Structures are given as C-alpha cells and as structure tokens.
Amino acid sequence: MSQTPKRPGPTLPKPPTNHSPTSTLADTALLTGTHTITVASNAIIHPRAKLLSTHGIVNIGEGCIICERSSVGLTTAERMMGGENDVQEGVVLGRGVVVEQGAVVEAGSVGEGCVVEVGARVGRGCVLGK
C-alpha cells in the first residue's frame, strides 16, 4: 500500500520584514501580509503568534513580548477617514508592550509599557497609553 504525498496548502504572502539581530522570532510564529513588519531590538515573538500586515503596517517596539496564540495587525480592509486625508493604517506597539496569550490587537497605537491581558481584544483605531 503506497502513500500519496500530501499536497501543499496555499502559500501565504511573505511580508517585507525588518527586525533587529537582538530580537527573537520563533520559527512557528506566523508573519503574513504585504505591508512592512518591523520588530525592534530585544522584542520576543513567541511560537504561534500572528503578525498580520495584509491591511496595514505592523511596528513592534523595543522590548515587546508577543505571546503565543495572540494576533497583532488589522484583520479587515475597512478604511478610516481622518478629515481630508485617510488615516495611516496599521498597528504600532510602543516600548515594552506585552500582548498576552490569545489577545487580539488591532489598535492604531499601544503606548509604552501597556499590558494587553489574556484573551483581550483591542479594536481597530483604539489608542492606549501615551
């Protein structure tokens, strides 16, 4: 009885990524999208964490910790209007931000030292901290 090889699943787009040599990205972390993902120095991205840049940039600040099964990035393509011009789309995490297990962050900005607790959802366009 011969086994037929499994067909590979659809490949996800690989985003342009800038990361510091002192940052730690797990082999099983999922980075997808078409916009730039930037990971600053001493940041840690745990296994099975998702950084999604399909609908906007993702900037992870210095010393941030993104725990397993958490998601950072925009999940939908809705546009936000800011007066005459569109608001810059994307997610920016400041220095020392911790995103705990199972949390979803779609916020525009999360300020320095904030902690997003287990299972929390921070909606699109929110601004936390300074």
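1. Two strands are taken to pair if DSSP finds at least two bridges between them, and β6 and strand β9 (residues 71-73) meet that condition with three bridges in the parallel sense. The model under discussion is a predicted one, and the points below should be read with that in mind.

2. Within the pairing of β6 and β9, Leu52 stands opposite Gly73 of β9. Strand β6 (residues 50-53) is also joined, by four bridges, to strand β3 (residues 30-33), and these two strands run parallel; here Leu30 has Lys50 of β6 as its bridge partner.

3. A sheet of six strands is open and follows the order β1-β4-β7-β12-β15-β18, with parallel pairing. Its edge strands are β1 (17-19) and β18 (127-128), each of which pairs on one side only.

4. Inside that order, β7 and β12 run parallel and are joined by four bridges, with Ile60 finding its bridge partner in Leu93 of β12. Strand β12 is in turn joined to β15 by two bridges, again with the strands running parallel, and in this case Val92 has Ser109 of β15 as its bridge partner. Strand β15 (residues 109-110) then pairs with β18 in the parallel sense over two bridges, where Val110 stands opposite Leu128 of β18.

5. A further open sheet contains five strands in the order β2-β5-β8-β13-β16, and the pairing is parallel. The edge positions belong to β2 (24-25) and β16 (115-116), each pairing on one side only. Strand β13 (residues 98-99) pairs with β16 in the parallel sense over two bridges, and the bridge partner of Val98 in β16 is Val115.

6. The largest nonpolar core has 25 residues, and the members that touch the most others are Leu51, Ile60, Ile66, Val72, Leu93, Val99 and Val105. The elements that contribute two or more residues to this core are β4 (37-39), β7 (57-60) and β12 (90-93). Ile60 and Leu93, listed here among the members that touch the most others, are also the bridge partners named above for β7 and β12.

7. Which residues does Ile66 touch, if those up to four places away in sequence are not counted? The contacts of Ile66 are Ile44, Ile45, His46, Ala49, Ile60, Val72, Leu93 and Val99. Among these contacts, Ile60, Val72, Leu93 and Val99 also appear in the list of core members that touch the most others.

Definitions and conventions: Residues numbered from 1 in each chain as written. Predicted model: local features only at pLDDT ≥ 70, side-chain atom pairs only at ≥ 80, totals over all residues. Heavy atoms only, no water. Core = buried A, V, L, I, M, F, W, Y, C linked by side-chain atoms within 4.5 Å. Buried < 20%, exposed > 50% of the residue type's maximum accessible area, 1.4 Å probe, protein only. Contact = heavy atoms within 4.5 Å.
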